[in-house]
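Welcome! Take a moment to look over the sequence and the 3D view, and then we can walk through a few places together.

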Amino acid sequence: MNVLALRKRSLAALVLASLVGVVAFGWPFFADPASTLSSHSGDAPYLFVVLLPLIVAVVLAELTEGGMDAKSVALLGVLAAVGAALRVLSPATIGFEPAFFLLLLAGRVFGAGFGFALGALIILSSSLVMGGVGPWMPFQMFGLGWVGLMAGLLPPATGWPERWMLAGYAAVTGFAYGALLNLWFWPFASYLAPGLAYEPGASVWTNVVHYGAFYVTTSLAWDTTRAVLNGVLVLLAGRPILAVLRRAARRAAFEAPVRFSP
């Protein structure tokens, strides 16, 4: 089911925005050592901090343009509020972020476009509630939006195969989200030791090795907790939550044609 249908224009906006997002996260590995971008490694993250919120806003506007009725808006609002409430628990629980659990299952049931919008709105609403608005927020919105997007693109399955697939996806994204989000500040973290820090002008492989060492020494344990606990939570509680979400989708009849009688 696609509660937010990806029409041609919204799909094009999402693809273009994702390409910009890939550049925003990955430019330290893409930039040629002799390029101007490498010589401005201290400025580039700030450029993307300004650019990404505008891009996310455009994508959300395109996704919702003419494609959301009152039921879809209500569903998105309720799940974003629940996700924000769940995310409040994460700072005190060594990396466990139960909002991932809700996002994965909602993206699976309601589709890729809904998953992207829900992931971005969970970050936005929880940051406003927790006072966590900062330059990291647009990167988090992209990261969690991609997690929800890909959940909606997973192949068809039912029963235990579906839950094992979602549990595996939860484990993979638990690591991938942490590795991705660290990239936004890593290039200008000047306090790092030489073997861990971004090195402007060095080869791509050198910076890959430096980032790998940085990730293992700073985030791996935290992300392992998130990956394992979210995977286990999907296996233990995925079945009833998927059933509830699918029952809500059937009762809301999102795909039923709307007819007006005189």
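## A salt bridge between two helices

At 30% relative accessibility, Arg 246 counts as partly exposed. This is a predicted model, and in it the side chain of Arg 246 meets that of Glu 162 in a salt bridge, 2.6 Å from N to O. Arg 246 sits in helix α10 and Glu 162 in helix α8, so the pair ties together parts that are 84 residues apart in sequence. Glu 162 has a relative accessibility of 2%, so this residue counts as buried.

## A network around Glu 97

A search of the whole structure finds five salt bridges. Those that share partners join Arg 87, Glu 97, Asp 223 and Arg 226 into one network.

Within this network, Arg 226 and Glu 97 form a salt bridge of 2.6 Å, N to O. Arg 226 belongs to helix α10 and Glu 97 to the loop between α4 and α5, 129 residues apart. Glu 97 also forms a salt bridge with Arg 87, with the closest N and O atoms 4.0 Å apart. Both Glu 97 and Arg 87 are buried, and Arg 226 is buried too, at 3% relative accessible area.

## The largest pocket

Which residues lie nearest the centre of the largest pocket? They are Arg 87, Glu 97, Gln 140, Trp 222 and Arg 226, out of 21 that line the pocket. Helices α6 (112–130), α8 (159–181) and α10 each give two or more residues to this lining. The lining divides into eight nonpolar, nine polar and four charged residues, and the space inside is about 470 Å³.

Definitions and conventions
Residues numbered from 1 in each chain as written. Predicted model: local features only at pLDDT ≥ 70, side-chain atom pairs only at ≥ 80, totals over all residues. Heavy atoms only, no water. 1 Å grid on protein atoms, 1.4 Å probe; cavity = no way out; pocket = protein on both sides within 12 Å on 5 of 7 lines; lining within 4 Å. Points joined across faces, edges and corners; volume = space filled by probe spheres on them. Helix = DSSP H or I, 4+ residues; strand = E, 2+ residues; numbered from the N terminus. Nonpolar A, V, L, I, M, F, W, Y, C, P; charged D, E, K, R; others polar. Buried < 20%, exposed > 50% of the residue type's maximum accessible area, 1.4 Å probe, protein only.
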